[in-house]
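Student: Could you take me through one small part of this protein up close? I'd like to see how a single spot fits in with what's around it.

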Amino acid sequence: MPTAPSASYTEGDLKLTGDIPLDGGPDFAVAVGHGASTGLRGEIELAYRPSSWDKYENLNLTFEGDSIASGDLEIGGDLETISLMANGIVAFNASWGLRPYLGAGLGFAQHDVTEDAFTLTVDGDTHEFASSSSDDTVIAWQVMLGLTYPVSHSAEARFGYRYFATSEADFDGIKADYGSHNLELEMLCRL
């Protein structure tokens, strides 16, 4: 589930800040790597994370430090994130079959944003904004923890938690951060 990114836009003395509550959905990932008998594994992962929103929350529009407008604004949009990560994972031996694991990753993510057209009225003046799209490629990182269980001599099931985040993205002047909490169920196969 993505966290609600905070966004900001500044143009001269005009500043807009707020939160974008993202709707979560299924993420898709594929990884290729090598594991050692010691429990260490390295992998390269390609992932796709789609999400959307239908409003901005806690907006605050200020001009020269004075608040002009605040509240929620009904503006929808979509965010697609594609990431390429290098991960390191260590699994610990346990005599009861389940193996706890910890991992971390570092890489890059490309965010593609599409925002719906909307109308904004401030002090009786109506401003119309057309649909827009933008993208940015940023540094990404993640941490993982969970349990693995051997299903056969060449496969294991993994259930865990992952936090994925990126550095601040810039979408044509709108700056936003991104983070995602995920519960995951995976099947690992050895060739």
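Tutor: Sure, and one term comes up straight away: a contact means heavy atoms within 4.5 Å. This is a predicted model, where local features need pLDDT of at least 70 and side-chain atom pairs count only at pLDDT 80 or more, while totals for chains, interfaces and linings use all residues. Residues are numbered from 1 along each chain as its sequence is written, and side-chain values use heavy atoms, leaving out hydrogens and water.

Let's zoom in on Gly71. You'll find Gly71 in strand 6, residues 66-73 (strands are DSSP runs of E, at least two residues, numbered from the N terminus). Leaving aside residues up to four places away in sequence, Gly71 touches Tyr56, Glu57, Asn58 and Leu59. Gly18 is 53 residues from Gly71 in sequence, yet their C-alpha atoms are 9.0 Å apart in space. Gly71 counts as partly exposed because its relative accessible area is 29% (buried is under 20%, exposed over 50%, partly exposed in between, with a 1.4 Å probe and protein chains only).

Now follow one of those contacts, Tyr56. In the largest nonpolar core, which has 20 residues, Tyr56 is among those that touch the most other members, along with Ile20, Leu22, Trp53, Leu79 and Phe164. Such a core is a set of buried Ala, Val, Leu, Ile, Met, Phe, Trp, Tyr and Cys residues joined through side-chain atoms within 4.5 Å. Strand 5 (56-63) is one of the strands that each supply at least two residues of this core, and strand 12 gives the largest share, three residues.

Technical notes
Helices (H or I, at least four residues) and strands (E, at least two) are DSSP runs, numbered from the N terminus.
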